[in-house]
Amino acid sequence: MIIQKQKPIEEILESLKDCRKVFIAGCADCATACKTGGEEELAELKTKLTEAGKTITGMAVYDTACLSGEVRKTTAAHQPEVDEADTILVMACGSGVQTLGDYLDTKPVVPGVDPLFIGQVIRAGKYEEKCQACGKCVLALTDGICPVTRCSKGLINGPCGGYKDGKCEVDPEKDCAWVLIYERLKARGHLDKLRELQDPKDHSALHRPQRLVWERPKKKVVNKN
Ligand code: SF4
Ligand code: SF4
């Protein structure tokens with residue numbers, strides 16, 4: 001999930017200072033789970049923006065704001081309200097903002113949310129970063145604990161030696177990732193994995209912007225004769 005938080009209302013109003021009519025778009029996935037872009041948050045925002053003198057032409061919580069097909073479908077269902085607006089305020093991650101921006105083309109879109117990280121949901125309101133999408137996953141070496149993300153220094157060949165009582169020297173509030181890795185490997189009888197020296201992390205897999213295209217399998221031509 002993309003963990004995100006709502007921008008301060010002052011910052012949103014600054015982004016909207018040159019416009020009068022606003023359409024608010026939310027997202028039913030990550031943004032709703034993080035309480036930035038669900039029905040409730042859109043309603044609260046509508047009240048605040050109206051108090052600030054804006055006219056809200058309409059609102060919609062897109063099923064998934066980063067799906068081009070969904071953006072087409074939901075926008076079409078709200079077309080008059082979208083057309084009437086000067087600007088679209090998007091309460092979703094940057095991918096959602098850009099999907100709407102690409103589709104609407106000439107209509108300005110502004111973000112109302114700051115995306116923070118790819119997170120594990122511990123419970124509603126408690127999220128932890130576990131993966132940075134580094135492009136070359138090494139979890140097989142550590143039995144499923146990411147040293148790239150969870151070690152403050154991103155070390156992949158064991159700990160730095162600064163940990164104390166199982167906590168990280170950079171942030172004593174956090175467990176040392178390599179202590180966690182060691183304990184897990186030990187419990188599973190996999191400590192031999194620590195003897196394998198890893199090459200430096202291959203960051204070349206992380207060139208931006210990333211792109212992935214699946215080739216569609218060609219349909220078989222069935223001869224019915
Ligand atoms: S190594 Fe860590 S950051 Fe990289 S893909 Fe795997 S879990 Fe994500
Ligand atoms: S104490 Fe542990 S988690 Fe912190 S930087 Fe060193 S090895 Fe990484």
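In the predicted model, ligand 1 is surrounded by Cys131, Gln132, Ala133, Cys134, Cys137, Val138, Leu139, Cys146 and Thr149, where a residue is counted if one of its heavy atoms lies within 4 Å of the ligand. Classified by residue type, this shell comprises seven nonpolar, two polar and no charged residues; Ala, Val, Leu, Ile, Met, Phe, Trp, Tyr, Cys and Pro count as nonpolar, Asp, Glu, Lys and Arg as charged, and the others, Gly among them, as polar. Residues are numbered from 1 along each chain as its sequence is written, chains are lettered from A and ligands numbered from 1 in the order in which they are written. Local features need pLDDT of at least 70 and side-chain atom pairs count only at pLDDT 80 or more, while totals for chains, interfaces and linings use all residues; side-chain values use heavy atoms, with hydrogens and water left out.

The largest nonpolar core (buried Ala, Val, Leu, Ile, Met, Phe, Trp, Tyr and Cys residues joined through side-chain atoms within 4.5 Å) contains 16 residues, and Phe23, Tyr62, Ile88 and Leu100 have the most contacts inside it. Two or more residues each are contributed by strand 2 (21-27), strand 3 (55-62), strand 4 (87-90) and helix 6 (94-104); helices (H or I, at least four residues) and strands (E, at least two) are DSSP runs numbered from the N terminus. Another core, of 13 residues, lies apart from this one and includes Ile56, Leu89, Met91 and Val113. Residues touched by Phe23, leaving aside those up to four places away in sequence, include Tyr62, His78, Glu81 and Ile88, contact being defined as heavy atoms within 4.5 Å.

In helix 6, Gly96, Val97, Thr99, Leu100, Gly101 and Leu104 are buried (under 20% relative accessible area; exposed is over 50% and partly exposed in between, with a 1.4 Å probe and protein chains only). The buried residues of this helix pack against strands 2, 3, 4 and 5 (109-111) as well as helix 4 (68-77) and helix 5 (79-84). Asp105, just after helix 6, adopts a positive phi of about 65°.

An open antiparallel sheet is formed by three strands in the order 1-6-7, pairing requiring at least two DSSP bridges between two strands. Strand 1 (2-6) and strand 7 (126-129) occupy the edges with a single partner strand each, so one side of each lacks a neighbour in the sheet. Strand 6 (residues 113-123) pairs with strand 7 over four bridges in the antiparallel sense, and Gly119 stands opposite Glu129 in strand 7.
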